[in-house]
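Visitor: I have a structure open and would like to learn how to read it. Could you walk me through it?

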Amino acid sequence: MTKKLLLENVHIEGINSYDVYRKNGGYSAVEKALKKMSPDDIVEEVKKSGLRGRGGAGFPTGMKWSFLAKPEGVPRHLLCNADESEPGTFKDRYLMEKIPHLLIEGMILSSFALGANQSYIYIRGEYMFVLRILEKAIAEAYANGWLGKNILGSGFDLDLSVTPGAGAYICGEETALIESLEGNRGNPRMKPPFPAVQGLWQRPTVVNNVETIAAVVPIVNNGGDEYAKIGIGRSTGTKLISASGNINNPGVYEIELGLSVEEFIYSEEYCGGIKNGKKIKACVPGGSSVPILPHFLITKTAESNDRLMTYESLAEGGFATGSMLGSGGFIVYDEDQCIVRNTWNFSRFYHHESCGQCSPCREGTGWMEKVLHRLENGRGTMEDIDLLWDIQGNIEGNTICPLGDAAAWPVAAAIRHFREEFEWHVTNPNEATKRNYGLISEKVFEKVNA
Amino acid sequence: MTSTEKNIEFPQSILDECNRVIQLFPEGKQKSALLRILHIAQAHFGWLSVEVMDYIARMLHIQPIEVYEVATFYSMYDTKKTGKVKLEVCQTGPCMIEGAERIITHIEKRLGIKVGETTKDGIFTLKGVECLGACGYAPMLQAGENFHEHLTEEKVDALIDEYRANPTANYMGMIND
């Protein structure tokens with residue numbers, strides 16, 4: 001049984017209310033921190049824990065915190081990124097819906113550590129029902145003295161509120177999130193300056209994902225060293241995984257990093273295997289933007305090592321034969337799914353979500369969508385496949401924010417691993433509109449990589 | 001878009017909510033409340049007319065263009081009139097696998113409209129939208145603040161009947177799976 005740090009109490013009746021959360025040990029980390037620890041002590045524990053950003057980038061949280069500029073007399077801000085928009089990802093919503101006080105407790109601890117007195121949770125607009133759950137929980141926290149002036153007599157003041165986006169994937173990028181929170185269009189900013197120096201209202205700002213901030217609670221409660229004991233190597237602690245697609249038990253699971261992919265997919269405790277007794281064809285392990293893996297690279301790496309749910313193991317082999325843990329949006333495809341169709345679908349998503357600032361992304365995502373639509377509908381040519389490869393290569397690395405890369409990678413990986421399926425769409429246009437290709441062969445892959 | 005002087009009014013309860021939201025930000029940073037206020041206005045008026053956006057600009061002491069550019073950037077805002085209930089079917093990745101297209105086709109037949117259109121009685125608008133963060137509960141649609149998950153044709157029929165009888169139920173903020 002996996003050790004649970006975030007969702008341990010999630011099934012307790014009424015845990016979304018203050019009283020039940022408090023009765024089950026809630027806010028004890030705030031008591032400990034404000035009475036016995038200095039802000040730097042908390043930063044130190046977070047560094048020791050090895051916690052890495054849970055939104056997708058996996059950057060060490062303690063290090064990110066230590067970059068925060070602290071000029072005299074200038075307010076600093078902590079922003080919680082609850083924009084959760086990466087297709088395949090719905091873990092933050094689950095956490096906020098079920099156990100909202102855990103996020104609030106994490107916000108208090110993190111704000112104290114960073115010396116921020118006014119913090120915001122920026123939540124995607126579609127989660128308005130979750131925003132209302134959070135607002136109710138925040139009101140309870142104020143009423144019980146956990147927010148406001150001079151919390152627990154410590155002299156630390158904190159105001160916390162939640163504010164919505166309005167349907168823009170791009171606002172999950174931290175500088176776009178800041179723009180949006182200022183009441184502007186979500187156009188990402190050039191970096192530098194980084195938010196740690198000039199963020200919200202030009203003030204030093206830290207932006208952290210919901211799950212990252214929630215993880216600070218067990219880190220303060222048990223110590224960073226205890227947290228670091230869980231997991232393998234530089235992948236410490238637990239991770240929330242959103243599982244979807246053709247599996248028996250879709251949902252949100254808290255896993256110890258280091259669990260094998262095989263166990264995650266086939267164990268009854270997690271995904272419960274492939275639905276309807278089908279075979280697995282492919283898997284996107286970390287949200288729509290990470291490279292898709294063909295069936296023979298999912299549970300084993302190209303080196304025949306067991307593939308594990310860690311930042312390193314999922315990336316083993318680089319983009320040639322690996323992928324990324326990303327946001328933990330784990331999408332499973334069975335043998336009846338069409339990779340060309342799925343890639344077209346994702347391209348349409350990125351085309352829709354491009355903010356339009358950078359030409360490679362604005363134009364390139366649209367071209368990719370068009371070419372993929374043509375291929376999927378039996379009107380593509382062999383040159384189209386090369387054209388796609390060319391376009392994605394011209395987007396990657398040529399944009400202000402990572403949305404360009406996020407749009408390019410799924411197309412590149414699909415062509416890299418499933419080229420024969422793309423070619424089959426060209427050579428068998430009629431058949432391709434009637435049936436799906438099925439599993440791809442390992443032989444082609446071996447030939448390509450020989 | 002042309003600005004007009006036509007008077008529109010926000011009821012006191014809505015004004016109070018707007019003021020509460022403005023207070024969440026420091027002095028001089030009231031523009032940060034813009035996205036929330038546009039949501040509040042859209043929930044009340046159904047869509048964001050130029051008059052409504054101009055009113056909000058005056059409320060926040062910003063230029064009307066600052067409101068228009070935001071209202072047209074974010075996909076949740078409608079600057080054209082829509083039906084009272086927007087059925088927004090997620091069609092991205094995991095929802096596609098689980099049959100989003102089947103659900104859209106069913107709604108199109110049932111309501112006699114295509115994606116992007118509004119029924120003659122002005123009650124329903126059908127939209128195809130991108131990932132709403134409910135991938136594990138696919139297929140799904142959003143209606144106002146409500147998420148409807150694990151959809152089947154029967155469930156869709158039932159909720160269409162429900163909303164037709166009570167269109168304002170789409171702002172209950174409930175999850176119905």
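Guide: Gladly; we will take the interface, then chain B, then some salt bridges. Please keep in mind that this is a predicted model.

Visitor: How do I read the size of the interface between chain A and chain B?

Guide: The size of an interface is often given as the accessible area lost when the parts come together. Here chain A and chain B bury about 4100 Å² between them, with 56% of it on carbon and sulfur atoms. On the chain A side, F129(A), A166(A) and R185(A) lose the most area to chain B, and together they make up 15% of what that side buries.

Visitor: How many residues of each chain are in contact?

Guide: Chain A contributes 60 residues, which touch 41 residues of chain B.

Visitor: And how many salt bridges cross the interface of chain A and chain B?

Guide: Side chains of opposite charge can pair when their charged atoms come close. Across this interface the rule finds seven salt bridges. One of the pairs to look up is E101(B) with R341(A), where the closest N and O atoms are 2.4 Å apart. You can also look for polar contacts: 26 residue pairs make them across the interface, counting pairs with both residues at pLDDT 80 or more.

Visitor: Which elements of chain A touch chain B?

Guide: Several give two or more residues to that side, among them α5 (91–98), α7 (128–143), β7 (238–245) and α14 (339–353) of chain A. The largest share, eight residues, comes from α14(A). By residue type, the side of chain A that touches chain B divides into 26 nonpolar, 21 polar and 13 charged.

Visitor: Let's turn to chain B. What pattern does chain B follow along the sequence?

Guide: Chain B has seven helices and five strands. Read along the sequence, they follow α-α-α-α-β-α-α-β-β-β-α-β.

Visitor: What does the radius of gyration say about chain B?

Guide: Compare it with the value for a compact globule. With 177 residues, such a globule would have a radius of gyration near 16 Å, and the 18 Å of chain B agrees with that. The C-alpha trace of chain B spans about 50 × 35 × 25 Å along its principal axes. Of its 177 residues, 58% count as buried. Among contacts in chain B with a separation of 6 or more, 63% are between residues 24 or more positions apart.

Visitor: How many salt bridges does the structure hold over all chains?

Guide: The structure holds 41 over all chains. For each one, ask where the partners sit in the sequence and how accessible they are. Start with E226(A) and K229(A), whose closest N and O atoms are 2.6 Å apart. These two are three residues apart in helix α10 of chain A, so about one helical turn separates them. E226(A) is partly exposed at 38% relative accessible area, while K229(A) is exposed at 60%.

Visitor: What does the salt bridge of E421(A) and K281(A) tie together?

Guide: This pair meets at 2.9 Å, N to O. E421(A) lies in helix α17 and K281(A) in strand β9 of chain A, so the salt bridge ties together parts that are 140 residues apart in sequence. E421(A) is buried, and K281(A) is buried too.

Visitor: Which residue pairs with E17(B)?

Guide: E17(B) forms a salt bridge with R36(B), the closest N and O atoms being 3.7 Å apart. E17(B) sits in helix α1 and R36(B) in helix α2 of chain B, 19 residues apart. E17(B) counts as partly exposed at 24% relative accessibility, whereas R36(B) is buried at 3%.

Methods: Residues numbered from 1 in each chain as written. Chains lettered and ligands numbered in written order. Predicted model: local features only at pLDDT ≥ 70, side-chain atom pairs only at ≥ 80, totals over all residues. Heavy atoms only, no water. Contact = heavy atoms within 4.5 Å. Buried area = accessible area lost by both parts, 1.4 Å probe. Salt bridge = Lys/Arg side-chain N within 4 Å of Asp/Glu carboxyl O. Polar contact = N/O pair within 3.5 Å; in protein donor to acceptor, adjacent residues only side chain to side chain. Helix = DSSP H or I, 4+ residues; strand = E, 2+ residues; numbered from the N terminus. Nonpolar A, V, L, I, M, F, W, Y, C, P; charged D, E, K, R; others polar. Rg over C-alpha atoms; globule rule 2.2 N^0.38 Å. Buried < 20%, exposed > 50% of the residue type's maximum accessible area, 1.4 Å probe, protein only.
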